[in-house]
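Grab your viewer and a scratchpad. Here are a few exercises to work through by hand before you peek at the solutions.

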Amino acid sequence: DTLVTPQVLDTQDPAVFEVLYFLEQAQADANAAGTNLTSPYTSSIPDDIIYARIQNIGNPLCYDTVSFSISIFDTPIANTPTQDIVICDDGDGSHDFDFQTDVTPQVLATQDPAVFEVLYFLEQADADANATGTNISNPYTSSVPQDIIYARIQNIANPLCYDTVSFSISIFDTPIANTPTQDIAICDDGDGSHDFDFDTLVTPQVLDTQDPAVFEVLYFLEQ
């Protein structure tokens, strides 16, 4: 009554004409008592055809019919990726992210990729609007140290049925372990041992010009 009746009536007076709904064309023509649908009409059928009968309230024999389809589409669930993506930069300051390989299976989980697809966006508003050309291409090349990506999973047959989830991507500089200028040679003072202060003697050489606020140096006995 709310969604379709105003369209069937158009400019016709609802005080003069009424609209009834049926599951079969024959029922819409016959207008037998009790065969019309109640409103609201509850259905679990994915695709169906409904027949509308518009008739003169004063004389129901003056009528016309029209049909339209109703469809029910599954709305997907945007599952949260198990972890954010953290990348160590290989030196060029950017990285190619393959979200379709690394993230899409996690967002889909057990949902059918033949029914649902996942698109990626840089803004939540873009993910909701799904305007053409605003989604990220794959692979996505980024040089932003830290960013948030918005994934939109949608029903392929009806993209209006969708859900979104966000995750972060991070690119960290990979340090260079500079070779110390020379090995450490100590003259034993007689007790057979020595306290080596690697942080003072070696760390500045390993770091060289790299920022100690960004990088740290640890020491081990085995590779």
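The exercises below deal with sheets, pockets and cysteines, and the model they use is a predicted one.

**Exercise 1. Work out the strand order of the sheet formed by 3 strands, and say which strands stand at its edges.**

Solution. Start with the pairs. β1 runs antiparallel to β2, and 6 bridges connect them. Next, β2 also pairs with β3, again in the antiparallel sense, this time over 9 bridges. Put those together and you get an open, antiparallel sheet in the order β1-β2-β3. Since β1 and β3 each have a single partner strand, they stand at the edges, so one side of each is left without a neighbour in the sheet. As for geometry, neighbouring strands here are turned by 25° against each other on average, with direction ignored.

**Exercise 2. Look at strand β2: which residues pair across to its neighbours, and how many of its residues are buried?**

Solution. Go to the β1 side to begin with: Glu18 has Gln55 of β2 as its bridge partner. Now flip to the β3 side, where Asp47 stands opposite Ser71. To get from β2 to β3 along the chain, you follow a hairpin with 6 residues in the link. Then check burial, where the cut-off is under 20% relative accessible area. β2 covers residues 47-56, and 7 of its 10 residues pass, which makes the strand mostly covered.

**Exercise 3. Find the order of the sheet of 4 strands and pick out its edge strands.**

Solution. Reading across, the order is β4-β9-β8-β6; the sheet is open and its pairing is mixed. The edge strands are β4 (85-89) and β6 (116-121), each pairing on one side only. From one strand to the next, the twist averages 25°. For a close-up, take β6 and β8 (residues 146-155): they pair in the antiparallel sense over 6 bridges. One bridge to look up there links Tyr120 to Ala151 in β8.

**Exercise 4. Describe the largest pocket and the second largest pocket by volume, lining and residue class.**

Solution. Take the largest pocket to begin with. Its space comes to about 480 Å³. There are 19 lining residues, and those nearest the centre are Asp1, Leu3, Val4, Tyr41 and Phe68. Two elements, β1 (17-22) and β3 (63-71), each give two or more residues to this lining. Sorted by class, the lining has 12 nonpolar, 6 polar and 1 charged residues.

Now the second largest pocket, with a volume of about 370 Å³. Its lining holds 14 residues, with Pro180, Val202, Leu218, Tyr219 and Phe220 nearest the centre. The class split here is 9 nonpolar, 3 polar and 2 charged.

**Exercise 5. Count the disulfides, then decide for Cys161 and Cys187: buried or exposed?**

Solution. For the count, you need a pair of cysteine sulfur atoms within 2.5 Å. By that rule the tally is 0 disulfides. For accessibility, compare each relative accessible area with the cut-offs: under 20% is buried, over 50% is exposed. Cys161 comes in at 13%, so Cys161 is buried. Cys187 comes in at 76%, so Cys187 is exposed.

How values were computed. Residues numbered from 1 in each chain as written. Predicted model: local features only at pLDDT ≥ 70, side-chain atom pairs only at ≥ 80, totals over all residues. Heavy atoms only, no water. Pairing = 2+ DSSP bridges. Axes fitted to C-alpha atoms, helices over the stretch in contact; angles between N-to-C directions. 1 Å grid on protein atoms, 1.4 Å probe; cavity = no way out; pocket = protein on both sides within 12 Å on 5 of 7 lines; lining within 4 Å. Points joined across faces, edges and corners; volume = space filled by probe spheres on them. Nonpolar A, V, L, I, M, F, W, Y, C, P; charged D, E, K, R; others polar. Buried < 20%, exposed > 50% of the residue type's maximum accessible area, 1.4 Å probe, protein only.
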